[in-house]
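Here's a quick tour to read with the structure open beside you. We'll begin with one residue, then zoom out to the whole chain and come back to a few backbone oddities.

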Amino acid sequence: MSRIEYEFGAVRVNVVKAIRIDAVGGPDVMRLQEVPLDPPEPGMVTVRNKAIGLNYIDCYHRSGLYPLPLPAGLGLEGAGDVEAVGAGTDLQIGDRVAYCSAGFGAYSEALNLPASRLVKVPDGIDYEQAAACLLKGQTAEYLIQRTYALQSGETCLFHAAAGGVGLLFGQWAASIGATAIGTVSSAEKAELALARGYAHVINYSEEDVLERLLEITGGEKLPVVYDGVGKDTFDLSLSCLRPRGLMVSFGNASGSPDPLDLQRLAAHGSLYVTRPTMLSYTATEEELRQSSEDVFTKILAGDISVEINQRYPLAQVQQAHKDLQSRLTTGSTVLLP
């Protein structure tokens with residue numbers, strides 16, 4: 001970890017190592033650079049990262065699917081210690097904090113962030129757990145509790161069940177008495193998903209998803225499908241819904257779905273489609289605090305566990321992105337500064 005300081009006028013400025021991109025593209029556009037870190041302005045704090053979360057949305061930002069002004073830092077999620085505070089904040093130096101919707105640039109040894117977008121990490125949860133679970137956990141929270149209020153006794157379908165969000169979703173759904181059916185690409189991932197709350201798992205490499213779903217449910221289609229895959233599964237998701245069912249399209253791992261002819265929703269039985277984002281569901285400070293509190297409470301109660309199955313040094317972020325996009329990872333991944 002570097003911590004170089006130099007004098008610039010009357011202000012002492014840190015220099016930290018951080019990942020930057022000057023152009024969009026594949027993993028090779030990411031470069032580890034030394035960048036200046038100014039003292040925090042009013043309302044801001046400096047967070048010294050202990051662990052950084054890797055999320056699929058980072059690939060969207062890097063590739064240009066979700067454009068950022070360039071040059072740019074990458075990464076939304078991390079956990080660490082408050083190292084310096086600007087005026088007008090309630091946080092103190094030494095506070096353990098986590099973040100996932102405070103701005104870009106988490107792929108860094110340290111960075112300045114708005115205090116209002118940070119949450120305190122409770123005792124009993126370590127830095128890696130916090131960095132690995134906050135974005136994915138808050139995604140599972142709003143999907144289950146607010147996008148569609150999943151109830152005990154209801155059955156739902158979740159694509160990519162062995163991914164980071166998927167493993168948390170399965171456990172959360174099981175904890176409230178809902179039946180989650182997951183889709184996966186391999187027998188190994190099926191075993192992992194079944195161990196984390198899914199009542200049934202469909203291996204789409206070997207089985208017809210709709211056919212197997214109807215076998216599981218006795219011919220009944222579902223009130224809700226959660227789809228973070230996008231283009232490859234969008235049509236399938238619609239076909240799995242009962243009349244007036246809800247399609248929750250919350251990600252684009254395989255690319256953006258094709259434009260939707262609304263008449264298809266009528267043909268399938270007056271279906272609903274929503275495209276939620278975590279930022280919309282944690283837009284206010286109150287929503288952010290409540291969502292994170294719900295996630296941490298579930299972890300501390302033992303209802304969900306955080307699967308950190310990959311760890312990479314920050315300098316190996318290119319390989320981390322390659323592995324993520326090649327579907328070689330399961331559960332959560334953290335980068336270590």
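In which helix is Gln325 found? It belongs to α10, the helix made of residues 317-325. Keep in mind that this is a predicted model.

**Around Gln325**

Is this residue buried, partly exposed or exposed? Gln325 has a relative accessibility of 34%, so it counts as partly exposed; the buried class would need a value under 20%. If you skip its neighbours within four places in sequence, Gln325 is in contact with Pro27, Tyr56, Cys59 and Arg62. Pro69 is another matter: its C-alpha atom and that of Gln325 are separated by 23 Å, with the two positions 256 residues apart along the chain.

**The whole chain**

Zooming out, the chain is built from ten helices and 17 strands. Its radius of gyration is 21 Å, close to the 20 Å that the globule rule gives for 337 residues, so the chain is as compact as a globular protein of that length. Along the principal axes, the C-alpha trace spans about 70 × 40 × 35 Å.

How much of the chain counts as buried? The figure is 53% of the 337 residues. Contacts across the sequence matter for the picture too: among those with a separation of 6 or more, 67% are between residues 24 or more positions apart. On the outside, the chain exposes about 14400 Å², with carbon and sulfur atoms supplying 50% of that area. As for charge, there are 27 positive and 40 negative side chains, and the centres of the two sets lie 2 Å apart.

**Two cores**

The largest nonpolar core holds 52 residues, and those touching the most other members are Leu143, Leu150, Phe158, Phe169, Tyr198, Val224 and Tyr226. Several elements each supply at least two residues of this core, including the helices α2 (127-147), α3 (164-175) and α9 (285-300), along with the strands β10 (155-158) and β13 (222-227). Which element gives the largest share? That would be α2, with ten residues.

Apart from this core lies another one, of 29 residues, with Met30, Ile52, Cys59 and Ala106 among them. You've met Cys59 already, as one of the residues in contact with Gln325.

Back in the largest core, Val224 is worth a click. Leaving aside neighbours within four places in sequence, Val224 is in contact with Tyr148, Leu150, Cys156, Leu157, Leu241, Leu246 and Val248.

**Backbone oddities**

Most residues other than glycine have a negative phi, and most peptide bonds are trans. Here are three spots that go the other way.

| Spot | Backbone angle | Place |
|---|---|---|
| Leu70 to Pro71 | cis, omega near -5 degrees | Pro71: loop between α1 (56-63) and β5 (72-73) |
| Arg244 | positive phi of about 65 degrees | strand β14 |
| Ser270 | positive phi of about 55 degrees | loop between α7 (262-267) and β15 (272-274) |

Neither of the positive-phi residues is a glycine: that goes for Arg244 and for Ser270. Why does Arg244 count as exposed? Its relative accessible area is 65%, and exposed means over 50%. Ser270, at 47% relative accessibility, counts as partly exposed.

Terms used: Residues numbered from 1 in each chain as written. Predicted model: local features only at pLDDT ≥ 70, side-chain atom pairs only at ≥ 80, totals over all residues. Heavy atoms only, no water. Helix = DSSP H or I, 4+ residues; strand = E, 2+ residues; numbered from the N terminus. Rg over C-alpha atoms; globule rule 2.2 N^0.38 Å. Buried < 20%, exposed > 50% of the residue type's maximum accessible area, 1.4 Å probe, protein only. Contact = heavy atoms within 4.5 Å. Areas by Shrake-Rupley, 256 points an atom, 1.4 Å probe, with all protein chains shown as cover. Lys, Arg positive; Asp, Glu negative; His and termini not counted. Charge placed at Lys NZ, Arg CZ, Asp CG, Glu CD. Core = buried A, V, L, I, M, F, W, Y, C linked by side-chain atoms within 4.5 Å.
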